[in-house]
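Thanks for coming. I will take a few minutes to walk through one structure, and I will start with its strands before moving on to helices, cores and charged pairs.

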Amino acid sequence: MKAAIMGYGTIGSGVAKVLSDNAAIISRRAGEPIELKYVLDLRDFSGDPIQPLIVHDYKKIVYDPEIKLVVETMGGVEPAYTFVKAMLTHGKHVATSNKALVAAKGAELIQIAADNHVNFMFEASVGGGIPIIRPILKCTTGDVLEKVYGIVNGTTNYMLTRMAVDGAAYDDVLKEAQEKGYAEKDPTADVEGFDASRKIAILTSLVAGRQVDFEDIPTEGISKITPEDMKYAAAAGKKIKLIATMDACDDSYFVRVAPFLVGPESPLFSVDDVMNAIMIHGNMLGDAMFYGSGAGSLPTASAVVGDLVEECRHVMRHVDFDWDPVKLPLKNPAEQEYRYFVRTKAAKSTIEEAFGEVEYMEDVVSGELGFTTGLISEGVFEEKKKDFENIISVIRVLE
């Protein structure tokens, strides 16, 4: 079975290594060897053993009838969408790790694959090396999934861990993460929560069977988290984590990405550094957690190659996904209820007048105090905030 890789960066080079190093076991599991014939990239790689396979025109792959499997690891929506669409239209199976592409065009590309009797698979687009899409689609088909939530971005989890452990400021840990290769030169997608938002949009689309646009998801990142916030979290015996959440409600879902205070009673409490974890709750299954390396060259490449093997096993049959392109309206986020931790310089009488009975935290940071509200809706909390001065920061509490 001849294959091609589009994009020879961190993940694409990892796919090439997995195909080479694990060739024997892959051949056995796929039913035949998978041989890499082309690698598409704008660059040349002089001195690299991959150089003889390098091509610069994607049409070389499109019009080669020998190529049956294509890996897309370019990132971004374009030109990845144009290239992938061309591959599927010409009868080639595609596996991708590209969450931007899947979130924006997943339902459409699945339909194009079905129309051409091939497969479009994207296990690596959400959890990196963590298996989550296939378990949701195959292992929990007897369940109604009522909740999906977790830590799905290794960069922000690493940064929050360092801030908690070292007491470091946001700018310092961002610089450290960039030096270690965990954060991009432009870290916006990670630190402002957009990467996590795309991933929970994909999972919600698969659970719901309808298109969920990540632009519709309320999204907050970690750029406003301070060492003082971390002091309060530690004093409460909790940690601050960037959490992507999906909660079923009536015929739709509440979906959000934001920093949350997480207590030791949650399995997510112990998920530190660059590790990721995704929790699911089914009406019959109950709780289950998937934990592991959510990013990185070889863990993500392993998931991509897993899709290639699956496509080899179904080379003559389309594997369907329940993902209708018709958009699903999400629940109004103002209706969802949380407890909120608030830092303020206001007097207790003012706090209790606005929020009623609260739990206080004092003597953590000089000149202020913290309090945790009872369970109230997002909309009610926002209304109360309008008339409540001296709020320093607000973080939701994960229940």
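Let me begin with two neighbours in a sheet: strand β4, residues 67–72, and strand β5, residues 93–96, pair in the parallel sense over four bridges. Within that pairing, Val70 stands opposite Val94 in β5. Before going further, please keep in mind that this is a predicted model.

The sheet those two belong to is an open one of six strands, in the order β3-β2-β1-β4-β5-β6, with parallel pairing. At its edges stand β3, residues 54–55, and β6, residues 120–121. Each of these has a single partner strand, so one side of each is left without a neighbour in the sheet. As general background, strands of a sheet pair through backbone hydrogen bonds, either parallel or antiparallel.

For the antiparallel case, look at strand β9, residues 239–249. Four bridges join strand β7, residues 145–151, to β9, and these two run antiparallel. Here Lys147 stands opposite Asp247 in β9. Strand β9 is also joined to strand β10, residues 252–262, by 11 bridges, again antiparallel. In that pairing Lys241 stands opposite Phe260 in β10. β9 and β10 form a hairpin with two residues between them, and Asp250 in the turn has a positive phi of about 55°. Is β9 enclosed or open to the outside? Eight of its 11 residues are buried, so β9 is largely enclosed by the rest of the structure.

Next, a helix. In α2, residues 23–30, the buried residues are Ile26, Ser27 and Ala30. They cover an arc of only 100° around the axis, and therefore sit on the same side of α2. The face turned away from that buried side carries the exposed residues Ala24 and Arg28. What do the buried residues of α2 pack against? Their partners are α1, residues 10–21, and α13, residues 297–313. After α2 comes Gly31, whose phi is positive, near 95°.

Now the cores. In soluble globular proteins, nonpolar side chains tend to be buried together. In this model, the largest nonpolar core has 84 residues, and those with the most contacts inside it are Ile61, Phe120 and Phe122. Helix α5, residues 99–115, gives the largest share of this core, with eight residues. A second, separate core has 28 residues, including Val18, Ile26, Leu69 and Ala303. Ile26 is one of the buried residues of α2 that I just mentioned.

Coming back to Phe120, what does this residue touch, leaving aside residues up to four places away in sequence? Among its contacts are Val84, Leu88, Val94, Thr96, Val102 and Gly106. The list also includes Leu109, Ile110, Ala113, Glu311 and Phe321.

On to charges. The structure holds 26 salt bridges, and I will show three pairs and one network. First, Asp195 forms a salt bridge with Lys99, with the closest N and O atoms 3.0 Å apart. This pair links distant parts of the chain, since Asp195 is in helix α11, residues 194–208, and Lys99 is in helix α5, 96 residues apart. Asp195 counts as buried, at 4% relative accessibility, whereas Lys99 is partly exposed, at 29%.

Next, the side chains of Lys138 and Glu310 meet in a salt bridge at 2.7 Å, N to O. Here too the pair links distant parts of the chain: Lys138 is in helix α7, residues 133–139, and Glu310 is in helix α13, 172 residues apart. Lys138 is partly exposed at 45% relative accessibility, and Glu310 is buried, at 9%.

Then there is a pair within one helix. Asp166 and Arg162 meet in a salt bridge at 3.2 Å, N to O. Both lie in helix α8, residues 154–166, four residues apart, about one turn of the helix. Asp166 is partly exposed, at 48%, and Arg162 is buried, at 15%.

As for the network, salt bridges link Glu220, Arg256, Glu378 and Arg396.

Last, cysteines. How many disulfides are there? With sulfur atoms required to be within 2.5 Å, the count comes to zero. Of the cysteines, I will mention Cys249, partly exposed at 22% relative accessibility, and Cys312, buried at 7%.

That is the tour.

Notes:
Residues numbered from 1 in each chain as written. Predicted model: local features only at pLDDT ≥ 70, side-chain atom pairs only at ≥ 80, totals over all residues. Heavy atoms only, no water. Buried < 20%, exposed > 50% of the residue type's maximum accessible area, 1.4 Å probe, protein only. Arc of directions from axis to C-beta. Contact = heavy atoms within 4.5 Å. Core = buried A, V, L, I, M, F, W, Y, C linked by side-chain atoms within 4.5 Å. Salt bridge = Lys/Arg side-chain N within 4 Å of Asp/Glu carboxyl O. Pairing = 2+ DSSP bridges.
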